[in-house]
Amino acid sequence: MDSLSKVASIKNTLLTYILVVYVFFNPTDSGAVQLTQQNLDMTLASNELVFINFYAEWCRFSNILMPIFDDAANKIKEEFPESGRVVMAKVDCDKEGSIATRFHITKYPTLKVIRNGQPAKREYRGQRSTEAFVSFVKKQLEDPVKEFGGLNELLNLESDKRIIIGYFDRRDQPQYNMFRRVAMNLKDDCQFHAGFGDVSKQMHPPGEPIVVFRPDKDRSNDLDETYNGSLNNFDELHIWASEKCVPLVREITFENAEELTEEGLPFLILFHNPDDKESIKKYNEVVIKELLSEKQNINFLTADGNKFAHPLHHLGKSESDLPLIAIDSFRHMYLFSTFRDMDIPGKLKQFINDLYSGKLHREFHYGPDADSQEEAKHTKSLKQPTTPPESTFKKLAPSKNRYTLLKDEL
């Protein structure tokens, strides 16, 4: 083969490669990018933000949304043409069932945000128009880090979120880019601040940036907690920041109830009077001391008993009975017998274990478990089965038919 033929062969091979990459990662000239098993992981890994429309062709609402979402995708491409910044994408959940399963899609269309390869906790539930989508994406791409111009600015930071602060030599440091990526993922839960050069040099050794977590206002005497891991490792920094930004015990409100129910974990809820800070403090202490091992299995929450009076009434209680603790399993609600018993080591943990074992449900029907089989049979014969109060918080979960139909409802 002569040199010209070799050059032609190389060009043809290169053109074929470029075409394959283009088809996989830019399958259409317009509209949202079609994601498949072949291009999904690469798309998620190579873009800061991926906004995905999970749809089904048989779903009427999906068909209504599709041209709107595609139109918004075109406008986003015009405004953010640089690679690696943002992609609006779509997944045909019937053809790509494994992708739908991976992202726990049960209704169509579902709109999810993926930041730096990780799904955001909150689905998009805003207005479904081109303008709303474009505005939402622009908001997502805003700089999540606030730059401070002097250390005195850090003395009285006003925020209803937890705070993480970074001290860097310069903005183009790789460690700052990692910090900014983590901030992008957690900006809904934490407020991030950073200083550069002379502004922050007295807070860290030259060439060794430092990141710290600032405790809550009610712990104002505590020192900032320094991150001791690698600032070059995204996963390590993200895990640390997540643990600091998202408190173990959270307050449930009507605004975030939908989001919390969507996490799918039962609720252990302290209902309290709005001015009762002491019971909240004790509840937090017990959860941190005894229940850390359960954080993957249950959501620890506090609730204003005046605002959430309806669940109390389901339990046969009123605001005058506060504080009290209950479990909502999303099927039924169960009352912790006596609030003061929370101080007995292991008592609250046993209450949670009794939910998992079915004991709470069984004892609600038939009374306390008997010590012997004969006594158990006698107890059951005397007491008529009853039904525990229904969950009230499951009614605050996302409506199945808000934008879509489930396949098994057709």
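Biologist: How should I read the open sheet that contains β11, and in what order do its five strands stand?

Modeller: In this predicted model, the order is β11-β13-β12-β14-β15, and the pairing of the five strands is mixed. β11 (249-251) and β15 (333-335) are the edge strands; each has a single partner strand, so one side of each is left without a neighbour in the sheet. From one strand to the next, the twist averages 30 degrees.

Biologist: In what sense do β11 and β13 pair, and over how many bridges?

Modeller: Strand β13 (residues 299-304) and β11 pair in the parallel sense, over three bridges. As a point of reference in the structure, Glu251 has Thr302 of β13 as its bridge partner.

Biologist: Which strands does helix α9 lie across, and which does helix α11 lie across?

Modeller: Helix α9 (residues 277-290) lies across β11, β12 (267-272), β13 and β14 (324-328), and runs at about 155 degrees to β12. An angle over 145 degrees counts as roughly antiparallel. Helix α11 (residues 347-357) lies across β12, β13, β14 and β15; its angle to β14 is about 25 degrees. Angles under 35 degrees count as roughly parallel.

Biologist: Let us turn to the sheet that contains β1. What is the order of its five strands, and which of them are the edge strands?

Modeller: This open sheet has its five strands in the order β1-β3-β2-β4-β5, with mixed pairing. β1 (33-34) and β5 (118-119) form its edges, each pairing on one side only. Strand β4 (residues 110-115) is joined to β5 by two bridges, and these two strands run antiparallel. Within that pair, Arg115 has Gln118 of β5 as its bridge partner.

Biologist: Where does helix α3 lie with respect to β2, β3 and β4?

Modeller: Helix α3 (residues 60-79) lies across β2 (49-55), β3 and β4, and its direction is at about 160 degrees to that of β3.

Biologist: How is the packing of two helices described, and at what angle do α3 and α5 cross?

Modeller: The description of two packed helices rests on the angle between their axes and the distance between those axes. For α3 and helix α5 (residues 130-140), the axes come within 8 Å and cross at roughly 45 degrees. That angle makes α3 oblique to α5. The crossing of α3 past α5 is right-handed. On the α3 side, the contact is made by Leu65, Ile68, Phe69, Asp71, Ala72, Lys75, Ile76 and Glu79, while α5 contributes Thr130, Phe133, Val134, Val137 and Lys138. By class, eight of these residues are nonpolar, one is polar and four are charged.

Biologist: Within what distance do the axes of α6 and α7 come, and which residues make the contact?

Modeller: The axes of helix α6 (residues 174-186) and helix α7 (residues 234-245) come within 10 Å, with a crossing at roughly 45 degrees. The two helices are therefore oblique to each other, and their crossing is right-handed. From α6, the contact takes in Met178, Phe179, Arg181, Val182, Asn185 and Leu186; from α7, it takes in Phe234, Leu237, His238, Ala241, Ser242 and Cys245. The contact of α6 with α7 comprises eight nonpolar, three polar and one charged residues.

Biologist: Which peptide bonds should I inspect for a cis geometry, and what is the sign of phi at His104?

Modeller: Most peptide bonds are trans, and most residues other than glycine have a negative phi. The bond from Tyr108 to Pro109 is cis, with omega near -10 degrees; Pro109 is in the loop between α4 (97-102) and β4. The bond from Leu322 to Pro323 is also cis, with omega near 0 degrees, and Pro323 is placed in the loop between α10 (309-314) and β14. His104, which lies in the loop between α4 and β4, has a positive phi, near 55 degrees.

Biologist: Which element has the lowest mean pLDDT, and which the highest?

Modeller: The protein chain averages a pLDDT of 85, and 82% of the residues score at least 70. Among its elements, strand β3 (residues 86-92) has the highest mean, 98, and helix α13 (residues 373-382) the lowest, 46. The pLDDT is below 50 over residues 14-28, a stretch with 13 contacts in the model beyond near neighbours in sequence. Residues 400-410 also stay under 50, and for them the model has 27 contacts beyond four places in sequence.

Methods
Residues numbered from 1 in each chain as written. Predicted model: local features only at pLDDT ≥ 70, side-chain atom pairs only at ≥ 80, totals over all residues. Heavy atoms only, no water. pLDDT = per-residue confidence, 0-100. Helix = DSSP H or I, 4+ residues; strand = E, 2+ residues; numbered from the N terminus. Contact = heavy atoms within 4.5 Å. Axes fitted to C-alpha atoms, helices over the stretch in contact; angles between N-to-C directions. Parallel < 35°, antiparallel > 145°, perpendicular 65-115°, else oblique. Left-handed = near helix turned anticlockwise from the far one by under 90°. Nonpolar A, V, L, I, M, F, W, Y, C, P; charged D, E, K, R; others polar. Pairing = 2+ DSSP bridges.
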